[in-house]
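Q: Got a minute to go through this one with me? I'd like to start with how the helices pack.
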Amino acid sequence: MLTVRHLRQGPVSVSEFVCGGEDPAAPVPEQHRRWSLSYVRRGSFSCRCRGRLFQLVPGAFMVGRPGDEYICTHQHDDGGDECLAFFFAPEVVDEVAWRRAAWASGAAPPRAELAAVGELAQAALRHDHDVAIDELGLLLAGRYVGLLVGDAPAPVKTSAADHRRAVQAALWIDAHSEDAVSLSDMAQAAGLSAFHYLRCFAAVLGVTPHQYLVRCRLRKAARLLADQERAVTEVALDVGFADLSNFVRSFRRAAGVSPTAFRRAASGDRKILQARLDAPA
């Protein structure tokens, strides 16, 4: 039985596919409307596409083109499989895959350079780091083309206009960091495609847009924790975090202490300073 959970929608969409594999011989047909790269994170399966049979194991990628049909079976393992699938809009592929014909349907063998991005995506789903999953999708697509096609994208050369755009984009993110903004929202505000926006922003400022967004939120949270007595949950929601556990985990990773411990330390520092100011000369 195949179950699908949609995690992100947009120019880079992300879905989780889980196949129970109850009947190893039962074929599971799939047809995707977008270009895709699906990371096999658990189990194994066979995939037939365009008259060829591919064997996929953990660390491999199923590669798809719009309109192709894939017939998947569990011929060697009835334990099922789990895949994290990235789907790319045509305009994204036009930018990332500079030789579109080389994006061949079937499978990409396990490669450490690709699997590392797949595992980063898993960590992003667990909120273990501050790179957005759609940014990782763009990175994955570019790396797949570069490694397996054998071409190389043009190096990122930044102009004075790119520097101006990146700074303006960072200021826009800082002003809207409390909102639920996506990579597409940021790119649209800058008047750029998501792929060009991501490359330009990272090349100029050294961090991805989502990394900068998270750091803006954490910086503002630290200010609120130090200066006000509001509840930690209220602070987390006010600065743009959707849930408390993600905020606490991100804040601890950045500051080395929990938000509550940070507030106590900040309060203690103020009391020490006030005591010194009040002390007789």
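A: Sure, and one cut-off first: an angle of 65 to 115 degrees counts as roughly perpendicular. Also keep in mind that this is a predicted model.

Q: OK, so at what angle do α4 and α6 pack?
A: Helix α4 (residues 160–175) and helix α6 (residues 194–205) pack at about 95°, and their axes are 9 Å apart. That is why α4 and α6 come out as roughly perpendicular to each other.

Q: Which residues make the contact?
A: From α4 you have D162, H163, A166, A169, A170 and I173. The α6 side gives H196, Y197, C200, F201, V204 and L205.

Q: And how does that contact break down by class?
A: Nine residues are nonpolar, two are polar and one is charged in the contact of α4 with α6.

Q: Switching to sheets. What's the strand order in the open sheet of six strands?
A: The order is β1-β2-β9-β4-β7-β10, and the pairing is antiparallel.

Q: Which strands stand at the edges there?
A: β1 (2–8) and β10 (106–108). Each has a single partner strand, so one side of each has no neighbour in the sheet. On average, neighbouring strands of this sheet are turned by 25° against each other, direction ignored.

Q: What about a helix, which one packs on that sheet?
A: Helix α2 (residues 112–125) does, touching β1, β4, β7 (61–64) and β9. The direction of α2 makes about 80° with that of β4.

Q: Let's go strand by strand. How many bridges join β1 to β2?
A: Six, and the two strands run antiparallel. R5 stands opposite E16 in β2. The hairpin of β1 and β2 has three residues between the strands, and G10 there takes a positive phi near 150°.

Q: And on to β9, how many bridges join β2 to it?
A: Eight bridges join β2 to β9, again antiparallel. E16 stands opposite L84 in β9.

Q: So is β2 largely enclosed or left open?
A: Largely enclosed by the rest of the structure, because seven of the eight residues of strand β2 (residues 12–19) are buried.

Q: Then β4, how many bridges join it to β9?
A: Eight bridges join β4 to strand β9 (residues 81–88), and they run antiparallel. R42 stands opposite E82 in β9.

Q: Now the four-strand sheet, what's the order there?
A: Those four strands form an open sheet, β3-β8-β5-β6, with antiparallel pairing. β3 (28–31) and β6 are at the edges with a single partner strand each, so one side of each is left without a neighbour in the sheet. The twist averages 25° from one strand to the next.

Q: How many bridges join β5 to β6?
A: Five bridges join them, and they run antiparallel. C47 stands opposite F54 in β6.

Q: I was looking at the loop between β5 and β6, what's the phi of R50?
A: Phi of R50 is near 55°, a positive value in a residue other than glycine. R50 sits in the loop between β5 and β6 (52–56). With a relative accessible area of 62%, R50 is exposed.

Q: And S44, is that one buried or exposed?
A: S44 counts as buried, because its relative accessibility is 16%. S44 lies in the loop between β4 (35–43) and β5 (45–49). S44 and H74 are 30 residues apart in sequence, yet 7.0 Å apart in space, C-alpha to C-alpha.

Q: Core next. How many residues are in the largest nonpolar core?
A: It has 45 residues, and those with the most contacts inside it are L37, F86, F88, W103, L138, Y144 and Y197. Helix α3 (residues 133–149) gives the largest share of this core, seven residues.

Q: What is F86 in contact with, leaving aside neighbours within four places in sequence?
A: V12, S13, V14, W35, S36, L37, A121, I133, G137 and L140. Another core lies apart from the largest one, with 14 residues, among them C47, C49, A60 and C83.

Q: Last one: where is S250?
A: S250 is in helix α9 (residues 244–255), and S250 is buried, with a relative accessible area of 5%. Leaving aside neighbours within four places in sequence, S250 is in contact with L218 and F241.

Definitions and conventions: Residues are numbered from 1 along each chain as its sequence is written. This is a predicted model: local features need pLDDT of at least 70, side-chain atom pairs count only at pLDDT 80 or more; totals for chains, interfaces and linings use all residues. Side-chain values use heavy atoms; hydrogens and water are left out. Axes are lines fitted to C-alpha atoms, for helices over the stretch in contact, and angles run from 0 to 180 degrees between N-to-C directions. Angles under 35 degrees count as roughly parallel, over 145 as roughly antiparallel, 65 to 115 as roughly perpendicular and the rest as oblique. Contact means heavy atoms within 4.5 Å. Ala, Val, Leu, Ile, Met, Phe, Trp, Tyr, Cys and Pro count as nonpolar, Asp, Glu, Lys and Arg as charged, and the others, Gly among them, as polar. Buried means under 20% relative accessible area, exposed over 50%, partly exposed in between (1.4 Å probe, protein chains only). A nonpolar core is a set of buried Ala, Val, Leu, Ile, Met, Phe, Trp, Tyr and Cys residues joined through side-chain atoms within 4.5 Å. Two strands pair if DSSP finds at least two bridges between them.
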